[in-house]
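Let's take a walk through this one together, a stop at a time. Have the sequence and the 3D view open as you read.

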Amino acid sequence: MYQQVLHKSSLAHRHILVTGGAGFIGSNITEYLLLHGAKVRVLDNLATGKRENISDFLDHSGFEFIEGDLRNPNDCIRACIGIDAVCHQAAIGSVPRSIKDPITTNDVNIGGFVNMLTAAKDAGIKRFVYASSSSVYGDEPNLPKKEDRIGNPLSPYAVTKFTNEVYASVFSRCFDLELIGLRYFNIFGPKQDPDGEYAAVMPLFIKDLINNEAPYINGDGEQSRDFTFIHNAVQANILALTIDNSLAYNQAYNIAFGERFSINQMYDAIRVYLQKDIQAIHRAPRAGDIRDSLADISKAQDLLGYKPQFSFENGLPITIEYFRKIFAQG
Ligand SMILES: NC(=O)c1ccc[n+]([C@@H]2O[C@H](COP(=O)([O-])OP(=O)(O)OC[C@H]3O[C@@H](n4cnc5c(N)ncnc54)[C@H](O)[C@@H]3O)[C@@H](O)[C@H]2O)c1
């Protein structure tokens, strides 16, 4: 999937630190970087990431894994030695998890973020790309979402991502850094975790339908999302890591496809693809969720050269086939 060249300047022999590289998005970014000649170090404590996600890279001469924790400043310092650019993906994701345990989400997503920023700065690393989230739009009602118009956060998770952006802005003023924040909108695709209490809805639906079980839909299912295939998120990270344009630094960008589908539409698309005649079970809406989400992606298009290549319809079959294979392997 990542054969095509998406980067603008050579990656060969660049040393990139991917935090959270054993997770869904980080392991896909790692795959692209290794394929195109970069040296990659992953820092991950395997809290939600998996060894399976990096098992294919362990024999690669350009790959190094540090099992460590963002909350430990020394792990961050060690991870930054000899690094040219940081791609910071590690965080405790999930809105409901942050409502259940705001302290851990805060410690990792804010404390860990500041540890990483400081370690990168002290190591003389300028380029620091980090994962933000569409959750920063909170209760801002207008669609599509534009970067400069945000509302009040609706969950502790959203507070942490918003705070990351505030810290990035302050660090960019105080130090000579090139910080780029990527506000992901519902990323989906291979290696997303289908298990556990906080699994994302798409892999859950696929898993349940493959197992001939009826999944739950929170609320009426008419809430909508800008579902974004992982390839597009990888492209955005690669562009952000390699772009040479000072106007693009110290900004946050919407990273999405720019189309929205309701949860019911998404469920139906999976059900039809898998040829299952199973109705989902509706239950109470979830606290902290936003109703509708759709991105205006023109800022990333203009400043980063971002051109998402996979629509929801293109990415869905790749995702379903990936999970079909994974579940068949047991
Ligand atoms: N998946 C999405 O749709 C989405 C949407 C918006 C934002 N994001 C953000 O993108 C990033 C990647 O998300 P993902 O979907 O790949 O999630 P993920 O859970 O698969 O990956 C996160 C990784 O961070 C690691 N991690 C967690 N706490 C850590 C710690 N204390 N020290 C070191 N490593 C730690 C986990 O083990 C995991 O490998 C996160 O910052 C997330 O908040 C994701």
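Where is the place of Lys325? Lys325 sits in helix H10, residues 312-328. Keep in mind as you look that this is a predicted model. Lys325 counts as exposed, because just 10 other C-beta atoms lie within 10 Å, and the cut-off for that label is 12 or fewer. Lys325 also has a far-off counterpart to compare with: Lys100 is 225 residues apart from Lys325 in sequence, and their C-alpha atoms are 33 Å apart in space.

Now to the sheet. It is an open sheet of 7 strands, in the order S3-S2-S1-S4-S5-S6-S11, and the pairing is parallel. Strand S3 (63-67) and strand S11 (251-255) stand at the edges; each has a single partner strand, so one side of each is left without a neighbour in the sheet. Between neighbouring strands there is a turn of 20 degrees on average, direction ignored.

Let's zoom in on two of the pairings. S5 and strand S6 (residues 178-184) run parallel and are joined by 7 bridges. If you want a spot to check, find Tyr130 and look for its bridge partner in S6, which is Gly181. S1 and S2 also run parallel, here with 5 bridges, and Thr19 has Leu43 in S2 as its bridge partner. How much of S1 is buried? The count is 4 of its 5 residues, so S1 is largely enclosed by the rest of the structure.

Next, the helices that go with the sheet. H7 lies across S1, S4, S5, S6 and S11, and runs at about 170 degrees to S6. Helix H7 covers residues 230-242, and its 13 residues reach 18 Å from first C-alpha to last, close to the 18 Å expected at 1.5 Å a residue. H7 is mostly covered, with 13 of its 13 residues buried.

H1 makes a good companion to H7. For the 12 residues of H1, a rise of 1.5 Å a residue predicts a span of 16 Å; the end C-alpha atoms are 17 Å apart, which agrees. H1 is mostly covered too, with 11 of its 12 residues buried. Among the buried ones are Phe24, Ile25, Asn28, Glu31 and Tyr32. Just after H1 comes Gly37, with a positive phi of about 95 degrees.

H1 brings us to the ligand. How many residues surround the ligand? There are 29, and the closest are Gly20, Gly23, Gly49, Ala91 and Ala131. The elements that give two or more residues to this shell are helix H1 (24-35), strand S2 (39-44), helix H4 (102-122) and strand S5 (127-133). H1 provides the largest share, 3 residues. By type, the shell around the ligand divides into 14 nonpolar, 11 polar and 4 charged residues.

Finally, some backbone details are worth a stop. Most residues other than glycine have a negative phi, and most peptide bonds are trans. With that in mind, look at His13, which is not a glycine and yet has a positive phi of about 65 degrees. His13 is found in the segment before S1, and it is exposed, with 10 other C-beta atoms within 10 Å. Asn250 is another residue other than glycine with a positive phi, near 55 degrees. You'll find Asn250 in the loop between H7 and S11. Is Asn250 buried or partly exposed? With 16 C-beta neighbours inside 10 Å, Asn250 counts as partly exposed.

Which residues does a cis peptide bond join? They are Leu143 and Pro144, with omega at about -10 degrees. Pro144 lies in the loop between S5 and helix H5 (156-174). Lys146 is found in the loop between S5 and H5. Lys146 has 15 C-beta neighbours inside 10 Å, so it counts as partly exposed. To finish with one more long reach, the C-alpha atoms of Lys146 and Ala47 are separated by 32 Å, with their positions 99 residues apart along the chain.

Note on methods:
Residues numbered from 1 in each chain as written. Predicted model: local features only at pLDDT ≥ 70, side-chain atom pairs only at ≥ 80, totals over all residues. Near = placed C-beta within 6 Å. Nonpolar A, V, L, I, M, F, W, Y, C, P; charged D, E, K, R; others polar. Expected span 1.5 Å × (residues − 1). Buried ≥ 20, exposed ≤ 12 C-beta atoms within 10 Å, placed from the backbone. Pairing = 2+ DSSP bridges. Axes fitted to C-alpha atoms, helices over the stretch in contact; angles between N-to-C directions. Contact = placed C-beta atoms within 7 Å.
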